[in-house]
Amino acid sequence: MGKGFFQVPTAVNEPIKTYAPGTPERDAVLKTYKEMYKSKMDVPLYIGNEEIRTGDTITMHPPHDHQHDLGIFHLAKKEHVDKAIKVALEARTKWADLAWEQRAAVFLKAAELIAGPYRSRINAATMIGQSKTIFQAEIDSACELIDFLRFNVEYMAQIYEEQPESSEGVWNRLEYRPLEGFVYAITPFNFTAIAGNLPASAALMGNTVVWKPSDSQVYSAQVIMEVFQEAGVPPGVINMVMGDPVMITDTILAHPDFAGIHFTGSTSVFKGLWSKIGNNIDKYKTYPRIVGETGGKDFILAHPTAKAKQVATAISRGAFEFQGQKCSAASRAYIPQSLWEEVKKYVIEDVESFKMGSPEDMQNFITAVIHEGSFDKLAGYIDQAKKDADTEIIAGGNYDKSKGYFIEPTVIVTTNPKYETMCTELFGPVITIYVYEDIKWEETLKLVDETGIYALTGAILATDRYAAAQATRALENAAGNFYINDKPTGAVVGQQPFGGARASGTNDKAGSKLNLLRWISPRLIKETFVTPTDYRYPFMGK
Ligand code: NAD
């Protein structure tokens, strides 16, 4: 137990390295990239202190070079999932009883390992396995993961500090217990930082975790496990299993000690998880915490007073960085007629200047989409838009999967504001633009708010303050992260806590105190110093 009121180091955002030509970080990451690319990984299940290789494996390939073999990862059978749960439950008491500063030290060490000795390796793994450019890898797998780990320690300390009032003769104390049971973390392919944070944030608060990464992110998930091990996360605290998501999930959600789910991924998967948890509710010892950050159909809305070049840049960066595979990526835009010709010119210029190819060539701004399923789906939407009468493709529109899953950044313009690609999350480098008549600004606000089921991110660009204020109010429920005169991507931990509402998630804001509160179950302890010995109250006197 703590023998002092320790102050945690003040969390600061990890500075983003430039990787400009001639910098040592550029040489280091390229060297690591080359070494990793040549060698093959053999990623086991991590259960307790065991690395289990089941022999039932999947081969990993870089999305930008799908014939290249990166090695294998092993798939769990039901017995391995049962074992991971058992081990997590066995590890729980010791981990939950460990003084908080010891838990904090483990994850602060993980942050420093990523900032230093593991930086090149985790960035190179993210470049290779998820096809991120070095800049996209750096802001994700290095900086954002470091920030999550550092800031969460600070938020944990703030939570523990919050204590109730005490009255005369009484001492009230709040104890922030971990959940009773184990936590299940399911993570998406698109952010290495999210993959690390979902198990780590629950573990930091004293929980033990079974973590299932996405098949398309196992390559960098392996590096996360290396970091956790070197940082001293004890065996059984974070157990990593890969395999059939339905089998793993059904096994876990049927367990009476399942205490919470920390999910990021698509909306339909999350809704399925919620239903399963609901159907199993009588099996559980406690009401499970359900935290899910899911899909989006994120918007850019330009007011007639916006500056065309700024609008175009918000579109080019907001829609196409990491091939539009950010949950926050802009995928629908509303541009006033009066600005359209100018915005169109700049957007086309930008898109035509993008270089596309392997992330190893650092001049490339665009690389491949994550896998063939995603490629085929995106190609299908593009083909449909080529045929439909109410759409026109003004940039991009080509695709090629002969070497990697390359989709050209594509701009669709539609005359139908409810056209399918204005409403459905495609999760790729495709944005659809609707040009509105300037006088229909107010109707357009309503349209933005009422199109689709999501409410994740959105941006308004305007120089007229009244218009910005009006949009901020009218779109209050249309986005959990709302940007004024900026692109809708690039949230920074500790500055812009991230999450959406409506079908976009439970809005528990990863990288904030709000999220950590979901992984604890407070116990109030009231201690009375002079205990009453007579049941009668004064009012009962004669
Ligand atoms: P996905 O839903 O396909 O997969 C996410 C995870 O769920 C993976 O680990 C996958 O294996 C698992 N999964 C798939 N089917 C399952 C099932 N039936 N039962 C249990 N688990 C299952 O998502 P993805 O393609 O990896 O990621 C992209 C999605 O994630 C997009 O919709 C994006 O908007 C969303 N996302 C949201 C946020 C956010 O903060 N809101 C952040 C990142 C990604």
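In this predicted model, the largest cavity is lined by 13 residues, and G324, A329, S331, E425 and F427 are those that lie nearest its centre. The space within this largest cavity amounts to about 90 Å³, and the count of cavities of 30 Å³ or more comes to one. When the residues of its lining are divided by class, five are nonpolar, four are polar and four are charged. Such empty space is revealed by rolling a probe the size of a water molecule over the atoms.

Two of the residues named in this lining recur elsewhere in the description of the model. F427, which is among those nearest the centre of the largest cavity, is placed in the loop between α13 (420–423) and β18 (430–436), and its phi is near 60°, a positive value in a residue other than glycine. E425, also among the residues nearest the cavity centre, is one of the residues that come nearest to the ligand, and a polar side-chain atom of E425 lies 2.7 Å from an oxygen atom of the ligand.

Around the ligand there are 27 residues, of which T187, K212, S266, T294 and E425 come nearest. Besides the contact made by E425, an N or O atom in the side chain of K212 is 2.8 Å from an oxygen atom of the ligand, whereas for F189 the contact involves the backbone, a polar atom of which is 3.1 Å from a ligand oxygen atom. Of the 840 Å² of accessible area that the ligand has on its own, the protein covers 84%.

The composition of the shell around the ligand was also examined by class, giving 14 nonpolar, 10 polar and three charged residues. With respect to secondary structure, at least two residues of the shell are supplied by each of α8 (245–253), β10 (258–264) and α9 (267–279), and α8 gives the most, with three residues. At the level of domains, residues of the shell come both from domain 1 (28–60 + 68–294 + 505–525) and from domain 2 (298–484), and the ligand therefore lies between them.

A further backbone feature concerns N485, for which phi is near 55°, again a positive value in a residue other than glycine. N485 is found in the loop between β21 (481–484) and β22 (501–502).

Conventions. Residues are numbered from 1 along each chain as its sequence is written. This is a predicted model: local features need pLDDT of at least 70, side-chain atom pairs count only at pLDDT 80 or more; totals for chains, interfaces and linings use all residues. Side-chain values use heavy atoms; hydrogens and water are left out. A residue is near a molecule or strand if one of its heavy atoms lies within 4 Å of it. A polar contact is a pair of N or O atoms within 3.5 Å; within protein, one must be able to donate a hydrogen and the other to accept it, and residues adjacent in sequence count only if both atoms are side-chain atoms. Accessible areas come from the Shrake-Rupley method with a 1.4 Å probe; for residues, only the protein chains shown count as cover. Helices (H or I, at least four residues) and strands (E, at least two) are DSSP runs, numbered from the N terminus. Ala, Val, Leu, Ile, Met, Phe, Trp, Tyr, Cys and Pro count as nonpolar, Asp, Glu, Lys and Arg as charged, and the others, Gly among them, as polar. Domain bounds come from an automatic or database domain assignment. On a 1 Å grid over the protein atoms alone, a cavity is a set of points where a 1.4 Å probe fits but cannot get out, and a pocket is an open set with protein on both sides within 12 Å along at least five of seven lines; lining residues have an atom within 4 Å of a point. Grid points are joined across faces, edges and corners, and a volume is the space filled by probe spheres set on the points.
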